[in-house]
Amino acid sequence: MANEVQQFDVVVIGGGPGGYAAALYGAAAGLSVALVERDKVGGTCLHRGCVPAKEFLETAHVRRTIEHSAAFGITAKSVAVDFAVSQARKNEIVDRLYKGLSGLIKGRKITVFEGTARLDADQTVEVLEGTDAGVVAKGKNVILAAGSVPRTLPGFDVDGTIVVTSDEFLDLSVLPATAAVIGGGAIGCEFASMLADMGTKVTILESLPTILTGCDAEVVNVMQRAFKKRGIEVRAGVTVTGHTPKKGSTTILIDGGDDVKVDMVVLSVGRRPRTEALLGEGTNVEINDRGFVVADGYQRTANPNVYAVGDVVANTPQLAHVGFAEAIVAIKTILGEPVVPVDYDRVPWAIYSNPEVAFCGLTEAAAKEKGYEVVVKKDPFGGNSRAQIIGDTEGVVKIVAEKRPDGTAGQILGVHMAGPWVTEQLGAGYFAVNWEATAEEAAALIQPHPSLSETFGETLLALAGRGLHVG
Amino acid sequence: MADVTLPSLGESVTEGIITQWFKKVGDTVARDEPLFEVSTDKVDSEMPSPAAGVLTEILAEEGDTVQTGSRVAVIDENAVGAPVSSAPTTSSETTDALPSPPPAHTAPATLAVEEVAVNGVVVSPVVRRILADGGVEPSTLRGSGPGGSITRRDAERAVANGPTDEIVVALSNGRRRMGQHMTSSFQSTPHGFVAIEIDGAIFDELETLGRSTRDGVAITDEMVVSLAAVRALGEFEFLNATFAGDELVVHRTVNLGFMRVVADDGMLVPVVHAAAGLTLRALARRVSELGERVLSHRLTTDDLMGGTFTIMGPASEHTLWSEPIIIQPEVAVLSIGAVRQVPVVVNVNGTTSIAVGRRLVLALTFDHRVCEPFAATGYLERVGELLAGLDLESEH
């Protein structure tokens, strides 16, 4: 009986954000859905990525708050960190969310198979390893959402103690005294920020000329200043060649530069798609030379009945919320409903470091590169009353708008923020960019006072020609 | 790699104009999916892709005239779909999930998927307001955003072009072709015209017998009159003729054209070839098949070639007659009016009275170089006689 082919409208491979979103959205539309997951539904995001990382960053925030409480007249005797408790709290939160998600999946009558899946010809999916090994499920359509795994670097074998990736880092129960974060992208900066706030001496090693490549230069400057102030050393434009471990610490070798001796090396050099052994013979699905699945704007692979969503998709941002959006596009396409593809140039980005970074749309440099003449305004959080109240005034809001022939600011092309709670503030900027508002259209809308969001409002007013406070 | 060539477009057609590519270079195309449109002086045809793969090269641009058999595109059967954006936005070896600067815009790749593309969709309230203020109806626009959504720029451009109650409409290929033919025919040929009213009692008989053939094909008034028209041509051969330069070529075979409207795209004249020997049943089937091909856009160039005489049926139940322009190089068009119930004068045993009868108008547009009103009237009268004498029961 084990090999009897089970029929579904949709078989989803992978239970991360892209996969479970597809399953939930498809089931909500009345489709019969099977979901194959090798580990736990929720995927990298819930178990080894976004959620645990942000929980730790919040732990760091709490510590920071206590450290600065004296300024408010509240004196704490001493600040001690028991990171095992922090780790346990993180696990509880993840577990609660996992149970909630599992219940939701069960409630929608989605069939979950446990194991590794391989797609064969004719949309046939075979479960290879795991509890449900041997199960064969055939879908009228199949959605590939196999996700990604951390990349590693040659010369840095991951041992889980001295050399770790995000997978191991998020399971630590003790934090190192010194650490090097290799890779100064979003994840690297979050880890560096969290470690520094928790008392670790951190060095960021980045091979590109700056950290946070892809962010607006203004935002990068804010981050570099903030990191420097907190003792995080940023060494950009360096190439690491390997390391020599010795008794609980290691020395990282840098091509043409001073070596760095640390207790732990955190690799955050990107994520590669988990597509090895995903496809059997005759699927007609195209994998590019970097291992990603090639899909069009409707998430369709070269096989018209096979879709791909999430981190496996070539040339798209590896973000959970992009996976959610792609899942909806894929299901609507399967249902034959009209749907607008994801506009990858205008998805929201959020980095939960201290200060936080959030942005959407074109940077000033990217806009110019695309041939736009631009008008730019920025407003630092220093003058914001709420920022003064919370004691967190570091940061800036910058808005890039298209320049009209008369020199005034037209359509808003990009909104870039660094500072307190900007990940929660981006929403207004996201709407402005995606609704293609001009500065004056967006500036006519009111921000509450006193709030951090007034800095965004002020920048809009200035961009529209006359600011209250900003010139 | 598979070469895409311009296939034969029918006898005596050696070239066509590429009027539209449905795919761009880099787009994925399925076998038999419409790839490009080719226009000849007869018809526009959608050409199916001969292979599945990625369109890697387009060798004939829109507007180019191409000889049949020549290469117009290349399809890579081993490649797959265009990447969603061309810049590598995913992680390089040393950065994580941030975008590399700057990701290319995704719209072109996504527009390839026509069947789910949502044309004219407004995704922004700002854009909706711009269109509303400018009096532009969103459904009239083809957006340039992802999936055909209307961007601010599209909206502003459309508003600058004025409200949609005065839109400039480019003539479709079908209309343009019709216009060229009719202008040239009208200018080159002296058109003559006569009309007569004839008795339509035969249609009472048709009602009694039933309006479908033994094969189950619906019989129209146009078919019945056409049958008589074809048979009358045997006695008026000079009307079943075509001009070749200054010479008139009289045909023994009747290839009967039928004027047919194409929704929003002018008119076509598909031809029932070798119509002379056909019974009503056979003619009905052939006319009906042609009609289906017109509706499904599956007419071939051959269906449109070789006509020797043309029928214009009643456009509505109120049509008295129409005065079509001659389809070149033919010399006459028969217009059939609607069969109407009218009061008629009947004479029974020397007493006249008014009764309910059926009448229809037959009209002939003719080339005055070949024919004159007297002969044309003679032809129409003969059609009327043959119509009245049809043995519907045996031909049914």
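This section describes strand order and helix packing in chains A and B of a predicted model.

Chain B contains nine helices and 19 strands. Of its 396 residues, 40% count as buried. Considering contacts in chain B between residues at least 6 apart in sequence, 63% join residues at least 24 apart.

One of the sheets in chain B is open and comprises four strands in the order S5-S4-S2-S7, with antiparallel pairing. Strand S5 (44-48) and strand S7 (65-67) of chain B occupy the edges; each has a single partner strand, so one side of each lacks a neighbour in the sheet. Neighbouring strands of this sheet are turned against each other by 45° on average, direction ignored. At the S7(B) edge, the partner is strand S2 (residues 15-21) of chain B, to which S7(B) is joined by three bridges in an antiparallel arrangement. Within this pairing, Ile17(B) has Thr65(B) of S7(B) as its bridge partner.

Helix packing in chain B is illustrated by helix H2 (residues 125-134) and helix H3 (residues 152-160), whose axes lie 9 Å apart and form an angle of about 5°. Because angles under 35 degrees count as roughly parallel, H2(B) is assigned as roughly parallel to H3(B). On the H2(B) side, the contact involves Val126(B), Val127(B), Ile130(B), Leu131(B) and Gly134(B). These residues meet Arg152(B), Ala155(B), Glu156(B), Ala158(B) and Val159(B) in H3(B). The residues of the contact of H2(B) with H3(B) comprise seven nonpolar, one polar and two charged.

In chain A, an open sheet is formed by five strands in the order S8-S15-S9-S10-S11, and the pairing is parallel. Its edge strands are strand S8 (163-164) and strand S11 (233-236) of chain A, each of which pairs on one side only. Inside this order, strand S9 (residues 178-182) and strand S15 (residues 264-267) of chain A are paired in the parallel sense over four bridges. In this pairing, Val265(A) of S15(A) is the bridge partner of Ala180(A).

A helix is also placed against this part of chain A. Helix H6 (residues 186-197) of chain A lies across S9, strand S10 (201-206) and S15 of chain A. The direction of H6(A) is at about 165° to S10(A). The two sheets thus described are the antiparallel sheet of chain B and the parallel sheet of chain A.

Methods. Residues are numbered from 1 along each chain as its sequence is written. Chains are lettered from A and ligands numbered from 1 in the order in which they are written. This is a predicted model: local features need pLDDT of at least 70, side-chain atom pairs count only at pLDDT 80 or more; totals for chains, interfaces and linings use all residues. Axes are lines fitted to C-alpha atoms, for helices over the stretch in contact, and angles run from 0 to 180 degrees between N-to-C directions. Angles under 35 degrees count as roughly parallel, over 145 as roughly antiparallel, 65 to 115 as roughly perpendicular and the rest as oblique. Two residues are in contact if their C-beta atoms, placed from the backbone, lie within 7 Å. Ala, Val, Leu, Ile, Met, Phe, Trp, Tyr, Cys and Pro count as nonpolar, Asp, Glu, Lys and Arg as charged, and the others, Gly among them, as polar. Two strands pair if DSSP finds at least two bridges between them. A residue is buried if 20 or more other C-beta atoms lie within 10 Å of its own, exposed if 12 or fewer, and partly exposed in between; C-beta atoms are placed from the backbone.
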